[in-house]
Amino acid sequence: MKTFRRDFLEVLKEAENVVFFTGAGISAESGISTFRGTDGIWNKLKPEELANFDAFLKNPDRVWDWYQYRRHIIDNSKPNPAHLAIAEMQDYFKSLSVVTQNVDNLHRRAGSRTVYELHGNIERNYCIECKTPYNSPEFASGGKVPRCEKCGGLIRPDIVWFGEMLPEEDFSMSEKAAEKCDVMFAVGTSAVVYPAARIPLLARRFGAYLVEINLEETELSPLANYVLLGKAGEILPGILEEVKKFKGEKPENG
């Protein structure tokens with residue numbers, strides 16, 4: 001089992017508020033490393049050619065079909081040990097939030113209760129005209145873009161596309177969580193895509209102990225108090241075991 005630095009364990013032992021900032025790397029361990037196959041039409045098109053509003057208006061069926069392909073991959077994936085360790089860890093701290101750049105909903109499926117989704121959720125959809133939500137799995141089963149039952153408008157995935165603003169409430173709550181946390185874990189993210197990348201930097205600025213968990217060093221590494229290189233699905237269960245040792249019984253709010 002991996003051993004961890006004493007200063008990190010001491011900080012974690014006293015911590016009450018913890019935030020996990022997660023990116024594509026944590027989902028890659030669930031088999032969601034890419035949304036395009038090695039062949040076929042999707043490998044010939046860049047995500048930015050499909051994941052923007054103008055592309056959707058120009059060819060809504062093609063964009064919808066691409067997201068159906070992505071949904072199929074996600075539907076056949078499961079939360080991995082990293083997601084599950086984060087979800088279990090929330091029972092040992094006064095507050096634990098997940099701020100994610102991922103759209104796959106794996107954190108909630110793993111059992112995490114407080115999740116802020118900065119780039120949307122692929123399991124949700126809404127009408128571009130009247131904003132009516134369409135979230136049932138059966139609704140998103142066809143290959144042709146559906147129309148709103150109320151106004152006839154096109155239905156789009158509830159994803160933040162290129163050029164669009166992040167969801168205001170989720171981003172605001174993420175900033176507040178970052179300002180209050182004692183420990184911030186940046187997991188599986190290069191933290192270079194703004195404005196989401198501000199979250200770990202904000203936590204550091206407000207005095208949080210910043211831990212990076214990644215396969216390799218990133219631009220965030222020099223700012224981190226502690227860098228753990230390796231798979232999140234192997235490192236986080238080890239951290240969970242340490243938490244269990246010194247936290248003992250779960251707090252009443254857990």
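Let's start with aromatic pairs: a search of the whole structure finds eight of them. Here, rings of Phe, Tyr and Trp (its six-membered ring) pair if their centres lie within 6.5 Å; planes under 30 degrees apart count as stacked, over 60 as edge-to-face and the rest as tilted. Before we look closer, please remember that this is a predicted model, where local features need pLDDT of at least 70, side-chain atom pairs count only at pLDDT 80 or more, and totals for chains, interfaces and linings use all residues. Residues are numbered from 1 along each chain as its sequence is written, and side-chain values use heavy atoms, leaving out hydrogens and water.

Now find Phe8 and Phe185. Their ring centres are 6.1 Å apart and their planes sit at 85°, so this pair is edge-to-face. It links distant parts of the chain, 177 residues apart: Phe8 is in helix α1 (residues 6-14) and Phe185 in strand β6 (residues 183-187). Helices (H or I, at least four residues) and strands (E, at least two) are DSSP runs, numbered from the N terminus.

Which kind of pair do Phe20 and Phe185 form? That one is stacked, with 4.5 Å centre to centre and 5° between the planes. Phe20 lies in strand β1 and Phe185 in strand β6, so the pair ties together parts 165 residues apart in sequence.

Are these rings buried or exposed? Phe8 is buried at 0% relative accessible area, Phe185 is buried at 0%, and Phe20 is buried at 0% as well. Buried means under 20% relative accessible area, exposed over 50%, partly exposed in between (1.4 Å probe, protein chains only).

Finally, ring pairs link Phe4, Phe8, Phe20, Phe185, Tyr209 and Tyr226 into a cluster.
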